[in-house]
Amino acid sequence: QVRLVESGGGSAQPGGSLKLSCALAGADQGYKCLGWARQAPGQEREVIASIFGTSPDLPYYTDSVNGRFTISRDSDRNTLTLEMNSLKPEDTGTYFCVAAVGTRCSIATLNHKSLYNYWGQGTQVTVSS
């Protein structure tokens, strides 16, 4: 049973920083892709940062977070982290840890949310002054 448990959400002022963590467990065959998705108020869920299992040094970032957010994985501690800097009000939303296990997720499809078959429960991030 694959389990993804997020932590670290909360509130921040514009320009501030937050760090999200996701505890990973249960994927005996490994994770094809790992990432973070976001659902802003009134919008659809979107994959905003992700990595391919065997090439973690080639991450994907959606344009709106590129240069401000950093995704990383600690394989020894089985955690996935999203460091968020220079936060903007439009970063407000629910953030989900996502994993692709046994799907066709690849480096070319890191942003395809349909290929992530496991989702955490989500953690809220609010950016306001």
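Begin by selecting Asp 91 and Arg 68 in this predicted model: their side chains meet in a salt bridge, with an N to O distance of 2.8 Å. The pair links distant parts of the chain, 23 residues apart. Asp 91 lies in the loop between β8 and β9, and Arg 68 in the loop between β6 (55-61) and β7 (69-74). Colouring by accessibility shows Asp 91 as buried, at 1% relative accessibility, and Arg 68 likewise as buried, with a relative accessible area of 11%.

Keep Asp 91 selected and add Arg 38. These two residues also form a salt bridge, the closest N and O atoms being 3.0 Å apart. Here too distant parts of the chain are linked: Arg 38 belongs to strand β4 (residues 33-39), whereas Asp 91 sits in the loop between β8 (79-84) and β9 (93-100), 53 residues away. Arg 38 has a relative accessibility of 8% and therefore counts as buried, the limit being under 20%.

Next, display Arg 38, Arg 68 and Asp 91 together. The three residues are linked in a network of salt bridges, and Asp 91 takes part both in the bridge to Arg 68 and in the bridge to Arg 38.

Finally, move to Asp 74 and Arg 77, whose side chains meet in another salt bridge, at 3.9 Å from N to O. This distance falls within the 4 Å cut-off, so the pair is counted. Asp 74 is partly exposed, at 28% relative accessibility, while Arg 77 is exposed, with a relative accessible area of 66%.

For the model as a whole, the count comes to four salt bridges, including the bridges visited at Asp 91 and at Asp 74.

Technical notes. Residues are numbered from 1 along each chain as its sequence is written. This is a predicted model: local features need pLDDT of at least 70, side-chain atom pairs count only at pLDDT 80 or more; totals for chains, interfaces and linings use all residues. Side-chain values use heavy atoms; hydrogens and water are left out. Helices (H or I, at least four residues) and strands (E, at least two) are DSSP runs, numbered from the N terminus. Buried means under 20% relative accessible area, exposed over 50%, partly exposed in between (1.4 Å probe, protein chains only).
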